[in-house]
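Student: Hi! Could you walk me through this one with me? I'd like to start with the charged pairs and then move on to the surface.

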Amino acid sequence: MLVSPTNLSIAATIAGVIVFAIVYFIVKRILGEKLGTNGVLITAALAGLIMIIYIKGSAPTVIIIEDGYTINRFESFGEINYELTDGTFATGTVGDGKTAVINNSSDSLVIETVEYGDGDFTGNLPRIMLPCSFHNVYIADEFNYYFDNEPPEEMLVEENKTLTVYWLRRMNGNE
């Protein structure tokens, strides 16, 4: 199921409030005299906050590219079952905290990993996404660059460190 980031925030907040209420009543009943009112409130608030952070932090991101290079961003729970413009379905699951891309455009796209470090500019093997296709992308972060906003030729990186950025772009005629 795909949900917008706003709806995910609302759902996480509701879950956090429910956890707060449950923990509040349980802790108050069991440890209320030992902790006092403030201790019970703090314990319940921490439990609710942990629930909100867990839901927001673990939900995989799904990026859907439409014609005209419109980028739609959703969060995923369970299996993805998204109908593409050609009538087929993009189905699958995405791991916690990962990103998936659905190419719902009529163009072929490329996902390119660019690494910086030791003064080098290297592009790893690009992954090509055909029109109306689904691609699981196991990256920890979002894409840094989209389409014509390409990564710089060089980037200052701390010594003995590397920096990896991700670029989603159109496939050119040479690939």
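Student: Which residue forms a salt bridge with Arg169?
Tutor: In this predicted model, Arg169 pairs with Glu112, and their closest N and O atoms are 2.8 Å apart.

Student: Where do those two lie?
Tutor: Arg169 is in strand β12 (residues 163-170) and Glu112 in strand β7 (residues 109-117), so this salt bridge ties together parts that are 57 residues apart in sequence.

Student: Are Arg169 and Glu112 buried or exposed?
Tutor: Arg169 is buried, and Glu112 is buried as well.

Student: OK, and how many salt bridges does the count come to?
Tutor: The count comes to 2 salt bridges. Arg170 forms one with Asp148, with 2.9 Å between the closest N and O atoms.

Student: What does that pair tie together?
Tutor: Arg170 lies in strand β12, while Asp148 sits in the loop between β11 (145-146) and β12, so the pair links parts that are 22 residues apart in sequence.

Student: Why does Arg170 count as partly exposed?
Tutor: Because its relative accessibility is 30%, and partly exposed covers the range between under 20% and over 50%. Asp148 has a relative accessible area of 63%, so Asp148 is exposed.

Student: Switching to the surface: which residues make the nonpolar patch?
Tutor: Ile10, Ile14, Ile18, Ile22, Ile26, Ile30, Leu31 and Leu35 make a patch of about 730 Å².

Student: Where is Leu35?
Tutor: Leu35 is in helix α1 (residues 5-58). With 39% relative accessibility, Leu35 counts as partly exposed.

Methods. Residues numbered from 1 in each chain as written. Predicted model: local features only at pLDDT ≥ 70, side-chain atom pairs only at ≥ 80, totals over all residues. Heavy atoms only, no water. Salt bridge = Lys/Arg side-chain N within 4 Å of Asp/Glu carboxyl O. Helix = DSSP H or I, 4+ residues; strand = E, 2+ residues; numbered from the N terminus. Buried < 20%, exposed > 50% of the residue type's maximum accessible area, 1.4 Å probe, protein only. Patch = residues over 30% accessible without salt bridge, like charges linked within 9 Å, V, L, I, M, F, W, Y side chains within 5 Å. Areas by Shrake-Rupley, 256 points an atom, 1.4 Å probe, with all protein chains shown as cover.
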